[in-house]
Amino acid sequence: MFSNLESPLSPTQQPDPLDNHGEVFTRRWVVELILDLVGYNATDSLADRVAIEPACGHGAFLLPMAERLIASCRLHGRPLSDATGAIRAYDLLAANVDATRSAISVLLIRNDVEPRTARKLAEAWIVQDDFLLGERDEVAADFVVGNPPYVRLEDIPAARSNAYREMCPTMGGRADIFVGFYEQGLRSLKPGGRLAYICADRWMRNAYGKALRGLVAADYAVEAAITMHDVDAFEEQVSAYPAITVIRAGVQGRAAIADTTAEFGEAAAAELSQWFQQEGFEPLRQPGISAAWLNHWFTTQAGWPTGSPARLALIVDLEERFPLLEETGAKVGIGLASGADEVYVTTNGTVAEEARMLPMVMREDLSSGEVDWSGHYLINPWDPEGLVNLADWPLLNAYFRRHWDVLAARNVGRRNPGREHRTIDRVIEGLQQRPKLLLADMSRRIWPVLDNGKYYPHHNLYWIHEDESDWDLEVLGGLLLSDIAELFISTYCVRMRGGTLRFQAQYLRRIRVPHFSTVSAEDCDKLRAAFRARDVSAATKVALRLYGVPQIPS
C-alpha cells in the first residue's frame, strides 16, 4: 500500500490516490477460513479479546470480524459497547478508512446498534495510521489477521524505506514490505496469541526472508501453512504465489501443512477448517486439498521446505531418525571462485610453470557419470603458505602481468593492493588429491560423480569427501544417487525454470543418511554396484530399505 509515497507521512498527510499501494482484496470465503484457523469464533467472548487488522483496505477482513464480534456479544449477553477495544484496524489511506468506517457503521446499524454508537465504534476500531511506523497503544493482541500489501522496498522512496528497515530489522535485502507486517504483527501478540495472514510465500524460502524465519524459529510456533498458488483467492487475478500461515506466540508443537489446487473453494475450505480444529492424526485428502500433520516445524533460519503434505511428513520422520550428512563424518564444500575465469581457467597447460597448473574439473565433465576431463586448468596463485611471490615464478608473473588490468579491476583486486593476482577463494591445500564426490550446482536430478583425487573442482561444482569417518565414497554415492537423497534436495531447494534443481552446499548438508557402520556388507555391495552402473532404481531400492520407508509418496 505504500509505493511512490513521500516519506515519512504523518497520519494527516495524504498520498496520491492514484499511487500503487499494493492492495489486493481477499475473497470472503478465504477470510472466513483464516478467521476459523486463528480461532476468532463467536463462541469465544470476543469482547474481551483484542484483534488487529494491520491494513484493512475496504474491510474484506474487518466486516466478517465485526459480524463474529456481534454474534459473540449476543451469545454471551454483552452489550456491544463492551467491545470498544476489541478491534484495531489500520490503513494509511483516508479513503479506505472512511469507506470501511461507513461499511462498519451500516453493518452495526443493521444489527440494531444505535447510529451514534455505531459511528463511535467504527471510529474506535478503524484508524488512519501506518502500521509499520505509527505509534500504537501497548495493547497485546490475541489475534492479528489480514492480507498485507505487496510492494517491494526498492519501489518506496528512500526515506520511508529506511524508516521501515529501522523499525523492522527483518526487512533485509530486496524484501517486500509484507515482511515488516509479519514482524510487527508477531511482536504485537500476547503469549498464546495468533497471527494469520494470506500472503506471498516466497519469504519462506528466499534469502530476504531469512531474518523473519529466524524470528519465527526463535520465539514463535508455526501452526499451519497452506499453499494456495492456483486458488482463486482474491477479487482480481494476481500472480502472488499466496499461502496462508498461522503462527502462535509460544513453543513449537505440531503443525498442519496443506497444499491446494484450483478446485479448492468454499466447500473444501470448510472441510479443511473442520479437520484443523479437530486436531486429529489422519491426513485430509479431498478434491482440491491434501493436508497432513507434522510432528514439528522446521525451526531454523534456513528455507522452509516445499512439497506435498505426505512428502513433508516423510521428511520430518527421516529427520527425526537419521543424522545429517556431515554428522556422519562427511564434509561438504564448493569449488573455487576465481573472480575472472577468463584469466585463471585455461586449456593451455603451458602458460605458467607446471607446479602452478592445477587440472580443474568443470560441470560439463560430469554428464556421463564419470569424470570426462575437458583439459581445463586452474592457474594457481597459492601455495601452502599463502599467495605466491610472483618474482619466484617468471612464467606466472608474465602471464598475470598481461592481464593485470582485469585482475586489478575486480572487487577483490581493489581491496588487496599489491595482491591483485589473488583469486576470490583460496585453493584448499590437498583437496585436489582427495577422493571426492562431485555434484553440479544445477541439474535436473541428483547426480554424484566420483573423482579419485585427480582434479580441483570449479565453482560450479560442490564436493563431498569423507572427514573423520570410514565412508566408502561409492557407497555414499549410491545413497546420494537414490530418490531419497533427491527428495531432500527437491524439498528444500528453490527450483529454477524447467524444474532444474540447485545443489548448493546448504541443501546438500540437509540430507540425512545412516551412519556408514550401520550399512551391511551386502547393502554396501549393492549401493556400490548401483553407483557404478548409474542405476537410480537399484540405488533407491536399497535406500528405501535402509531408511525403513516403503515408498516415496507423490
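Student: α9 has 13 residues. How far does α9 reach from its first C-alpha to its last?

Tutor: This is a predicted model: local features need pLDDT of at least 70, side-chain atom pairs count only at pLDDT 80 or more, and totals for chains, interfaces and linings use all residues. Helices (DSSP H or I, at least four residues) and strands (E, at least two) are numbered from the N terminus. The expected span of a helix is 1.5 Å times one less than its number of residues. For α9 that is 18 Å, and the model comes close to it, at 19 Å.

Student: Which elements are included in the cover over the buried residues of α9?

Tutor: Residues are numbered from 1 along each chain as its sequence is written, and side-chain values use heavy atoms, with hydrogens and water left out. Buried means under 20% relative accessible area, exposed over 50%, and partly exposed in between (1.4 Å probe, protein chains only). In α9 the buried residues are Pro309, Leu312, Leu314, Ile315, Val316, Leu318 and Glu319. Their cover includes β8, β10, α15 (483-492) and α18 (536-547).

Student: Which strands stand at the edges of the open sheet?

Tutor: Ten strands make up this sheet, in the order β3-β2-β1-β4-β5-β7-β6-β8-β10-β9, with mixed pairing. Two strands pair if DSSP finds at least two bridges between them. An edge strand has a single partner, so one of its sides is left without a neighbour in the sheet. That describes β3 (126-128) and β9 (284-286).

Student: What angle does the direction of α9 make with that of β10?

Tutor: Helix α9 (residues 309-321) packs on the sheet and touches β8 (255-260), β9 and β10 (289-294). Contact means heavy atoms within 4.5 Å. Axes are lines fitted to C-alpha atoms, for helices over the stretch in contact, and angles run from 0 to 180 degrees between N-to-C directions. For α9 and β10 the angle is about 15 degrees.

Student: In β10, which residue is the bridge partner of Asp259?

Tutor: β8 and β10 run antiparallel and share 6 bridges. β10 is mostly covered, with 5 of its 6 residues buried. Its partner for Asp259 is Ser290.

Student: Which residue takes a positive phi in the hairpin of β9 and β10?

Tutor: These two strands are antiparallel, with 3 bridges between them. One bridge pairs Gln286 with Ile289 of β10. The hairpin leaves 2 residues between the strands, and the positive phi, near 90 degrees, belongs to Gly288.

Student: Is Gly173 buried or exposed?

Tutor: Gly173 sits in the loop between α5 (158-167) and α6 (178-187). It is 38 Å from Arg285, C-alpha to C-alpha. Its relative accessibility is 52%, so Gly173 counts as exposed.

Student: Which helix gives the largest share of the largest nonpolar core?

Tutor: A nonpolar core is a set of buried Ala, Val, Leu, Ile, Met, Phe, Trp, Tyr and Cys residues joined through side-chain atoms within 4.5 Å. The largest has 150 residues, and Tyr40, Leu69, Met228, Ile244, Phe264 and Leu272 have the most contacts inside it. Its largest share is 8 residues, from helix α1 (residues 28-38).

Student: How many residues has the other core, which lies apart?

Tutor: In the largest core, Met228 has contacts that include Trp29, Ile198 and Phe264. The other core includes Tyr344, Leu358, Leu396 and Val427. Its count is 33 residues.

Note on methods
Lists of a residue's contacts leave out its neighbours within four places in sequence.
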